[in-house]
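Reader: Please take a close look at the empty spaces in this protein, and at the residues that line them.

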Amino acid sequence: MKKIIKLLSVLTLALTLVSCTSKKDKNVLRMNMLTEPDSFFPWESAATDTSAVNYNIYEGLMGFDSTGAVFPLLAESFTISEDKLSYTFKIRQGVTFHDGQALTADDVVWTYQNLVGLNGYTKRNDKLHIIESVSSPDSSTVVIQLKKPAAGFILLAIQPILKQGFEYSKINANGTGPYKLAGYELHQKITLAKNDNYWNPERAAKIPTVEIHIVSDEAAAISALQSGQLDLIQKVTAGNAKSLADQFKVIGQPQNMAQVFAMNTSVPELSDLNVRLAISCAVNKQEVIDGALDGAGDIIYSNFSPLMSEYYNDKLTGVTPFNLQKAKEYMSKSAYPEGFELKITVPASYPMHVNAAQIIASQLAVLNIKCSIEPIEWATWLDQVYSKANYESTVIAFSGKLDPSEILIRYFSTYKKNFTRFNNGDYDRAFTAAETEVDQAKRVELYKECQRILAEQAPAVYLSDLHNNVVMDKKLMGYKQFPVSFYNVAEMYFD
């Protein structure tokens, strides 16, 4: 079945690109992404790759650069009240949506009321529960009132602003960004077209058309790059990237993306802390990095990447080290000393996760944990694993966020997408305190406390910060790596 899927991927790419020639068209950028987009309606999207595309279509009150620093975007400026409870945004004038309608303060109010679930709307974003009210005292001003001070709120203001009254859907987008959605062919490609009416000439797109082809098979992507049918391919294994370095430009670096072996703690065997600690000590992370990632990853000990330098807890290396004797001791103290059967459900379109699952399965045999691996389609993984927690264990990579609370909320007991079903009172208290702490030093310590609890309670084995190896045409310029998943194609151009 895997061979058939790979063959279909190659044939699909060939048919999609059959009209292309090897001659370079500087007006079209062709790249790949590994998974099918789940929705171009940002309130329905949960997939990292889709968000990376949507950042080109939509914009928020605040934007962010390649260092993770935020700056006013659709907001021209903002002020914070003395008590840190009120944020006043001046909305930029002269901005239009892709359908030609002007951006207004009412659109911002409507967007945030939907996100928070105010004024009778269905709540769209649990992370913004800190908001008390949203109002517009005049046509160019929006005031967001918080329930409690929140030092990281401004980092959350990158939420896409939508147009009130527009009929959004999975395939119908309408933002203010430098590119607009021009087409989507299922299983084949996404087409973005330059927004000729974009409000900021300095941030305007340089390449008129971007084609993002759905190619999960690495061999097919490399073949297309070598034949000139693709200009850029991403998430290339380190070995292949190295072999292509003479012919192409290769960029490989950490990407603030934590690969984890997540466990559903509501499963009886995995609800046993000693079992989870035994698994954590039995997994040789370096072996997973070398075998599944060709060495292109950095070992981590919580759900934070070292790139989150200010917040990263570097004191966790000794909590659950690779130690088979210790792993067996934990297992003997558990309610399952003789072992058990465990299913690892993985998204088939991500070879690095499938390969990691296979290595972990072999490593857990020492504990008499008999693992079976179930590869499933990406859309099924999002629905069954991420949304419904209908699984036992999985390997996945959590995309990085600018605000540490957006990473750590994934383990908050009542968070809707807490798919590990982790429930720990000490964790909830530390997280809640961090969200409202205005003293930055104290806030950092609270987030480090959250990481310590995750390491000690082990709802997941934290494997590595994945490196993103990108291989591209040597004449393609302007590529930048961001601390969150973002294909910033507006800055790219052909020399």
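Author: What follows deals with the second largest pocket and then the largest cavity. This is a predicted model, in which local features need pLDDT of at least 70 and side-chain atom pairs count only at pLDDT 80 or more, while totals for chains, interfaces and linings use all residues. Residues are numbered from 1 along each chain as its sequence is written, and side-chain values use heavy atoms, with hydrogens and water left out.

Both kinds of space are sought on a 1 Å grid over the protein atoms alone: a cavity is a set of points where a 1.4 Å probe fits but cannot get out, a pocket is an open set with protein on both sides within 12 Å along at least five of seven lines, and lining residues have an atom within 4 Å of a point. A volume is the space filled by probe spheres set on the points.

The second largest pocket has a volume of about 340 Å³. It is lined by 25 residues, of which F64, L73, R203, F486 and N488 are the closest to its centre. By class, 13 of the lining residues are nonpolar, 5 polar and 7 charged. Strand 2 gives the largest share of this lining, 3 residues; helix 2 (48-57) and strand 2 (62-64) each supply at least two.

In the whole structure, the search finds 5 cavities of 30 Å³ or more. The largest cavity has a volume of about 110 Å³. Its lining has 13 residues, with N468, Q481, S485, F486 and Y487 the closest to the centre. This lining divides into 5 nonpolar, 5 polar and 3 charged residues.

How values were computed. Helices (H or I, at least four residues) and strands (E, at least two) are DSSP runs, numbered from the N terminus. Ala, Val, Leu, Ile, Met, Phe, Trp, Tyr, Cys and Pro count as nonpolar, Asp, Glu, Lys and Arg as charged, and the others, Gly among them, as polar.
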